[in-house]
Amino acid sequence: MHKRRVLDKPTTFVGLHIHKDTIAVALSETGGDKDVRAYGKITNTPTALKALATKLSRGGRRLLFCYEAGPCGYGIQRELSLAGHGWSSSLRR
């Protein structure tokens, strides 16, 4: 029963392009490349990242994050995982 409730939540796929000072954010509702849209940039700080996740998860949306692996992303991955957000290894085509 629990698994079904999680799967019933609407999902937003969140792509992060992480730089030292900023994070470019893109969103997709299907996980495919047909509906990807740029969301904008945020500063690369824990506060801005938490605010982004809070805003995007309003209404009970499940967030699945994906990022370009690199030295700037590992800490962000840990932060978001500790906050209970999931990860997608890649967007579906």
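These exercises, each with a worked solution, concern a predicted model of a protein chain.

**Exercise 1. Describe the make-up of the protein chain.**

Step 1. Start with the elements: the protein chain has three helices and five strands.

Step 2. Put them in sequence order. The pattern along the protein chain is α-β-β-β-α-β-α-β.

Step 3. Turn to burial. The protein chain has 93 residues, and 31% of them count as buried.

Step 4. Look at the contacts with a separation of 6 or more. Residues 24 or more positions apart account for 42% of these contacts in the protein chain.

**Exercise 2. Work out how helices H2 and H3 are arranged, and what their contact is made of.**

Step 1. Locate the two helices: H2 covers residues 46–56 and H3 covers residues 74–82.

Step 2. Take the geometry. The helices pack at an angle of about 45°, and their axes are 11 Å apart.

Step 3. Classify the angle. Angles under 35 degrees count as roughly parallel, and those from 65 to 115 as roughly perpendicular. The angle of about 45° fits neither group, so H2 and H3 are oblique to each other.

Step 4. Give the handedness: the crossing in which H2 passes H3 is right-handed.

Step 5. List the residues. H2 contributes Pro46, Leu49 and Ala53 to the contact, while H3 contributes Ile76, Glu79 and Leu80.

Step 6. Sort these residues by type. Five are nonpolar, one is charged and none is polar.

**Exercise 3. Find which residues and elements build the largest nonpolar core.**

Step 1. The largest nonpolar core holds 17 residues. Those touching the most other members are Val14, Leu16, Ile23 and Val25.

Step 2. Two or more residues of this core come from each of strand E1 (11–18), strand E2 (22–28), H2, strand E4 (62–67) and H3.

Step 3. H2 gives the largest share of this core, with five residues.

Step 4. Follow one member, valine 14. Apart from neighbours within four places in sequence, valine 14 is in contact with Val25, Ala26, Leu27, Leu56, Leu63, Leu64, Phe65 and Cys66.

**Exercise 4. Decide whether serine 28, histidine 85 and tyrosine 74 are buried, partly exposed or exposed, and name their contacts.**

Contacts with residues up to four places away in sequence are left out here.

Step 1. Recall the cut-offs: buried means under 20% relative accessible area, exposed means over 50%, and partly exposed lies in between.

Step 2. Serine 28 is part of strand E2. Its relative accessibility is 1%, so serine 28 counts as buried. The residues that serine 28 touches are Thr11, Thr12, Phe13, Asp35 and Val36.

Step 3. Histidine 85 sits in the loop between H3 and strand E5 (86–87). Because its relative accessibility is 19%, histidine 85 also counts as buried. Histidine 85 touches Ala53, Leu63, Phe65 and Leu80.

Step 4. Tyrosine 74 belongs to helix H3. With 42% relative accessibility, tyrosine 74 is therefore partly exposed. Its contacts are Tyr67 and Ala69.

**Exercise 5. Set separation in sequence beside distance in space for two pairs of residues.**

Step 1. For serine 28 and tyrosine 39, the separation in sequence is 11 residues. From C-alpha to C-alpha, serine 28 and tyrosine 39 are 9.8 Å apart.

Step 2. For tyrosine 74 and isoleucine 18, the separation in sequence is 56 residues. The C-alpha to C-alpha distance of tyrosine 74 and isoleucine 18 is 9.9 Å.

Technical notes. Residues numbered from 1 in each chain as written. Predicted model: local features only at pLDDT ≥ 70, side-chain atom pairs only at ≥ 80, totals over all residues. Heavy atoms only, no water. Axes fitted to C-alpha atoms, helices over the stretch in contact; angles between N-to-C directions. Helix = DSSP H or I, 4+ residues; strand = E, 2+ residues; numbered from the N terminus. Parallel < 35°, antiparallel > 145°, perpendicular 65-115°, else oblique. Left-handed = near helix turned anticlockwise from the far one by under 90°. Contact = heavy atoms within 4.5 Å. Nonpolar A, V, L, I, M, F, W, Y, C, P; charged D, E, K, R; others polar. Core = buried A, V, L, I, M, F, W, Y, C linked by side-chain atoms within 4.5 Å. Buried < 20%, exposed > 50% of the residue type's maximum accessible area, 1.4 Å probe, protein only.
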